[in-house]
Amino acid sequence: MKLQFIGSGDAFGSGGRFNTCFHVTGSHINFLIDCGASSLIALKKNLINLNDIQTIFITHFHADHFGGIPFFILDSQFFSKRQKPLTIVGPNGLANWYKKVMEVSFPGSSKTKLKFEFSLVEINAGEKINIDNVVVESYQAQHGILNGPFLSYRLTAGEKVISYTGDTEWTDDLIHVGKEADIFIAEAYFFDKLIPYHLNLASIVQNLPKIKPKRLILTHMSDDMLGMLKEIKHEVAFDGMNVFI
Ligand SMILES: [Zn+2]
Ligand SMILES: [Zn+2]
């Protein structure tokens with residue numbers, strides 16, 4: 001199985017990085033985790049075959065995680081000429097947010113009759129579903145009170161587990177999200193500064209003995225955090241980085 005960081009940035013282009021998007025492939029799987037506003041550009045830069053992607057797991061509806069969906073869908077329809085089915089999995093309210101983001105980006109586009117089978121699957125925090133050969137467990141992320149819900153994901157494919165915090169302040173649920181995961185991808189917006197709704201590295205490190213991931217990779221870093229990379233002993237994602245599991 002391979003995971004590629006298509007985008008490892010925050011919402012505001014810190015460090016010139018693309019918005020959040022991870023591409024995971026394996027013998028029976030091909031999916032994205034998040035699809036931020038700049039993700040179609042980043043996917044094309046990495047020469048990803050878009051039509052092979054079966055599923056897109058969305059953690060929340062902020063544009064740096066969800067804003068790439070209209071570009072992806074319309075590219076699939078008109079340029080990549082997708083024929084294979086596509087499923088988007090996301091928090092409760094996904095169907096409504098999908099319509100909104102399509103209409104805001106390209107008015108009228110939510111009514112386009114797609115030439116491929118397309119499904120929107122909503123998942124609640126605490127739910128576990130099996131989709132396109134991936135077992136998805138979702139947990140409540142703590143990322144504010146507006147425009148939620150916000151989720152963290154624990155994804156199991158075959159024997160391997162990939163966990164992703166999404167955007168969230170520290171919550172003990174993250175111990176379950178990342179528990180002994182093969183890869184635990186964690187937001188590390190700041191080094192040790194505590195701010196609401198986002199994670200800092202200190203909170204993750206403090207809880208690592210309880211989480212015990214096999215590999216921790218940091219992402220979604222602010223300019224402050226990127227300026228401290230020399231002092232950081234943990235593995236840090238970069239755009240285009242490949243991880244083999
Ligand atoms: Zn974000
Ligand atoms: Zn967010």
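So, to get us going: is K81 buried or exposed? Keep that in mind while you look at the structure, and remember that this is a predicted model. K81 is exposed, because just 11 other C-beta atoms lie within 10 Å, and the cut-off for exposed is 12 or fewer. You'll find K81 in the loop between helix 3, residues 69-78, and strand 5. What caught my eye is its backbone: phi is positive, about 55°, and K81 is not a glycine. For background, most residues other than glycine have a negative phi.

There's another lysine like that, K212. Its phi is positive too, about 50°, and again we're not talking about a glycine. K212 belongs to the loop between helix 6, residues 201-211, and strand 12, residues 216-219. How exposed is K212? It counts as partly exposed, with 14 C-beta neighbours inside 10 Å.

Okay, on to the sheet. Seven strands make an open sheet, and if you read across, the order is 6-5-4-3-2-1-14, with mixed pairing. At the edges sit strand 6, residues 118-123, and strand 14, residues 242-244, each pairing on one side only. From one strand to the next, the twist averages 20°. Helix 4, residues 94-105, packs on this sheet, where it touches strand 5, residues 86-91, and strand 6. The direction of helix 4 makes about 130° with that of strand 6.

Let's walk through a few neighbours. Strand 1, residues 2-7, pairs with strand 2 in the antiparallel sense over five bridges. If you want a landmark there, L3 stands opposite V24 in strand 2. Next, strand 2, residues 21-25, is antiparallel to strand 3, with four bridges between the two. Those two strands form a hairpin, and four residues lie between them. H23 has L32 of strand 3 as its bridge partner.

Now, which strand pairs with strand 3 in the parallel sense? That's strand 4, residues 55-57, over three bridges. One pair to click on is I33 with its bridge partner F57 in strand 4. Put helix 1, residues 39-45, together with strand 3 and strand 4, and you have a right-handed β-α-β unit.

Stay on strand 3 for a second, residues 30-33. In a regular strand, side chains alternate between the two faces of the sheet. Here N30 and L32 point one way, F31 and I33 point the other way, and all of them are buried.

That takes us to the core. The largest nonpolar core has 61 residues, and the ones with the most contacts inside it are F22, L32, F57 and A188. What does F22 touch, leaving out residues up to four places away in sequence? Its contacts are L3, F5, I6, L32, I33, D34 and I185. Notice L32 in there: it's on that list of top core residues, and it's also the bridge partner of H23.

Last stop, helix 3. Its buried residues are I69, P70, F72, I73 and S76. Looking down the axis of helix 3, these fall within an arc of 165°, so they line one face of the helix. And what do they pack against? Helix 1, helix 2 (residues 63-66), strand 5 and helix 4.

That's my tour, so let's open it up for discussion.

Conventions
Residues are numbered from 1 along each chain as its sequence is written. Chains are lettered from A and ligands numbered from 1 in the order in which they are written. This is a predicted model: local features need pLDDT of at least 70, side-chain atom pairs count only at pLDDT 80 or more; totals for chains, interfaces and linings use all residues. A residue is buried if 20 or more other C-beta atoms lie within 10 Å of its own, exposed if 12 or fewer, and partly exposed in between; C-beta atoms are placed from the backbone. Two strands pair if DSSP finds at least two bridges between them. A crossover is right-handed if, with the strands pointing away from the viewer, the path from the first strand over the helix to the second runs clockwise. Axes are lines fitted to C-alpha atoms, for helices over the stretch in contact, and angles run from 0 to 180 degrees between N-to-C directions. Two residues are in contact if their C-beta atoms, placed from the backbone, lie within 7 Å. A nonpolar core is a set of buried Ala, Val, Leu, Ile, Met, Phe, Trp, Tyr and Cys residues joined through C-beta atoms within 7 Å. The arc is that of the directions from the helix axis to the C-beta atoms.
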